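Visitor: I have a model open and would like to learn how to read its strands, its covered parts and its chain contact. Could you walk me through them?

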There are 2 protein chains.
Amino acid sequence: MIPASQPLQIGSLLFEDLDQIDLTGPFEVLSRLDHATTKFYGLSPAPVRDMKGLRLTPDAPLKEAPQLDVLHVPGGPGQEALMENQEVLSWVRTQAAGAKIVFSVCTGALICGAAGLLKGRRATTHWTARSLLPYFGATPVDARVVMDGPLVCAAGVTAGIDGALRVAAMLRGQAAAEAIQLYMQYAPEPPFDAGSPMSAPREIVAQAEGAAADLMARRTETAKKAAKRLGIAS
Amino acid sequence: MIPASQPLQIGSLLFEDLDQIDLTGPFEVLSRLDHATTKFYGLSPAPVRDMKGLRLTPDAPLKEAPQLDVLHVPGGPGQEALMENQEVLSWVRTQAAGAKIVFSVCTGALICGAAGLLKGRRATTHWTARSLLPYFGATPVDARVVMDGPLVCAAGVTAGIDGALRVAAMLRGQAAAEAIQLYMQYAPEPPFDAGSPMSAPREIVAQAEGAAADLMARRTETAKKAAKRLGIAS
C-alpha cells in the first residue's frame, strides 16, 4: 500500500485489435483512485479500433510515457502482432523494471510473456489460451486473478474488473477499493451460469473452442517463437 | 426472440461526461451478436470525454441514425444536461417509438425519464438516484435489472453488463447470450462485498452519499422540472 498523498502514474498499452473491455474495465476502477493519472499509451498517436470496431484514442505514444507505477497490458487478438514487435516488448520490459505492479488482463499475459516477464511466475490468461503460458516459463493457474510478486494476471476479459479492484487495494488499501466498488455498483448477477468452461453448457464450450481453433494455432506458433527467443525449452 | 438471420441495429447515445463503462460494458456484449450493427451516436461527430477523461468517438451524429432495434442509453453526470436538451429528448422519444428494446444503464434511466419513457413503468437506476424515478411517473425497483415491456433498466454502472446479457437473450435466445458470456469469461468474483449499499461497510456508504450530495441536489431540481413538463404531480 502506497501513502494516499503519493501520486500514481497508471498507464495502459493501447493497440489495434485489442478487446476494449480489457482496457475500459480496469480504467473504470483505476481512474477513480485518488492522486492517480490513468492514461493510454499507443504505438502511434492515432486512434485504434478494438476487435469489434470501438474507436479508442491514445493519450500519448509509448515513448512519451513517464515511468509508470502500474503497467496495464490488455489483450485481444491484436496481442499476437505485439508479441513480435521489439519496440513494444522493449517498452514493456523497461516499464516493468521500474513499475510497482505489472497488471495483465486476458491475453495481455501473452505480451508480458513474450517480453520475458512471466519467467518463473504463476500466471493466468483467457481460458482458451492458458495452455500457452508454459512457453513463457510460467506456471498456469486456473484462477480469476493470480498475484505473484509485482505481477497481477487477470483471466479472460471481464476478469480485468476483479483484477483491477485487487490492484486498487494493493495501491491504496481495501477501503479505497471498496468505495470504488460501491460507486460502480459492482454486485454482479450474471443471468446465466456460462462464464467459465466448467459451468457453461458443454456444446457452447465446444463451439467456442472450435471458433478459437485457428487463432489458437497461430498463437501457439507465435508462443513457440517467443519461447525460442527467451531460451525456454518447449 | 428475433430470427438469427434478421439484422439488428443497435445504437448507443454517446455524450460528454458519461460514465464510459455504461457504454463499453453493453458494447462488449451486444457487438458480439450475429448480424448486429452496434454504433455510437453523438450530438456532434466530435469525440467526447467520459467523466474520467476517456476519449470516445461517435460513429455518426444523432440525425444520421437509422431506426434502431435497440436504443441504449448510458448514464453518468453528463445525463443532467441532456435531460433539458430537447433535440436529444426528441431523438430518444422518436427512436424509442420504433425500437424493440429501450435499454437504460445507470442514470441513463433519468434521460429516458425526462423523455417520458418511464411513465407507468417499473424502473431502476444507480442506487444513489433511485429515489428520483417517481418524478418521471415510474415505480422504482431495487433490482439489478428491471424489465417492463420493451424497457430494460440496469442499475448502476457495471449492472449494464448483466442487463446487456439479458437483452442479448431477448434478441437472439439464451444460448447466444451464454456463448457471449463464456467468451467474456464473465464468472465474476468481486474481491470485496461492497458493491451495493446493503453490503458495503456503513462508513463507505455514508462517504459515498456525502460525495454525491451536490450532484443529487442538482439532479433533483432537474427531475422536478422534467416532472412539470411531463405533467406528473410531484
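Visitor: How many bridges join strand β6 (residues 70-73) of chain A to β7(A), and do they run parallel or antiparallel?

Guide: First, the ground rules. This is a predicted model, where local features need pLDDT of at least 70, side-chain atom pairs count only at pLDDT 80 or more, and totals for chains, interfaces and linings use all residues. Residues are numbered from 1 along each chain as its sequence is written, chains are lettered from A and ligands numbered from 1 in the order in which they are written, and side-chain values use heavy atoms, with hydrogens and water left out.

Guide: Now the general idea: strands of a sheet pair through backbone hydrogen bonds, either parallel or antiparallel. Here, 4 bridges join β6(A) to β7(A), and the two run parallel. Within β7(A), L71(A) has V102(A) as its bridge partner. Two strands count as paired if DSSP finds at least two bridges between them; strands (E, at least two residues) and helices (H or I, at least four) are DSSP runs numbered from the N terminus.

Visitor: In what order do the strands of the chain A sheet lie?

Guide: The 7 strands of this open sheet follow the order β5-β2-β1-β6-β7-β11-β10 in chain A, with mixed pairing. At the edges are β5 (60-61) and β10 (145-148) of chain A, each of which pairs on one side only. Further in, β1 (residues 8-14) and β2 (residues 36-42) of chain A run parallel, joined by 7 bridges, and I10(A) faces T38(A) in β2(A). On β7(A), 4 bridges lead to β11 (residues 151-154) of chain A, again in a parallel arrangement, with S104(A) opposite C153(A).

Visitor: How do I read the two faces of a strand, and how many residues of β7(A) are buried?

Guide: In a regular strand the side chains alternate between the two faces of the sheet. In β7 (residues 101-105) of chain A, 5 of 5 residues are buried, a label for under 20% relative accessible area (exposed is over 50%, partly exposed in between, with a 1.4 Å probe and protein chains only). I101(A), F103(A) and V105(A) point one way, V102(A) and S104(A) the other. A helix can be read in the same spirit: in α1 (residues 20-30) of chain A, 11 of 11 residues are buried, including D22(A), F27(A) and E28(A).

Visitor: Which strands stand at the edges of the chain B sheet, and why is one side of each left without a neighbour?

Guide: The chain B sheet is also open, with 7 strands in the order β5-β2-β1-β6-β7-β11-β10 and mixed pairing. Its edges are β5 (60-61) and β10 of chain B; each has a single partner strand, so one side of each lacks a neighbour in the sheet. For β5(B), that pairing with β2 (residues 36-42) of chain B is parallel, over 2 bridges, and G42(B) has P61(B) as its bridge partner. By contrast, β10 (residues 145-148) of chain B meets β11(B) in the antiparallel sense over 4 bridges, with V146(B) partnering C153(B). In their hairpin, which has 2 residues between the strands, G149(B) takes a positive phi near 60°.

Visitor: What rotation superposes chain B on chain A?

Guide: Two copies of a chain are related by a rotation about an axis and a shift along it. Here the rotation is 180° with 0.0 Å of shift along its axis, at RMSD 0.0 Å, using a least-squares fit on the C-alpha atoms of residues with pLDDT of at least 70 in both copies. That is the relation of a two-fold axis. Of the chain B residues, L56(B) comes closest to this axis, its C-alpha being at 3.1 Å.

Visitor: How many residues does the contact take from each chain?

Guide: It takes 61 residues from chain B and 61 residues from chain A, contact meaning heavy atoms within 4.5 Å. About 5,200 Å² is buried between the chains, 61% of it from carbon and sulfur atoms; this is the accessible area (1.4 Å probe) that the two parts lose on being put together, summed over both. L182(B), Q185(B) and F192(B) supply 16% of the area that chain B buries against chain A, more than any other three residues.

Visitor: How many salt bridges are there between chain B and chain A?

Guide: The count is 6, each a side-chain nitrogen of Lys or Arg within 4 Å of a carboxyl oxygen of Asp or Glu. One of them links D59(B) to R49(A), with the closest N and O atoms 3.9 Å apart.
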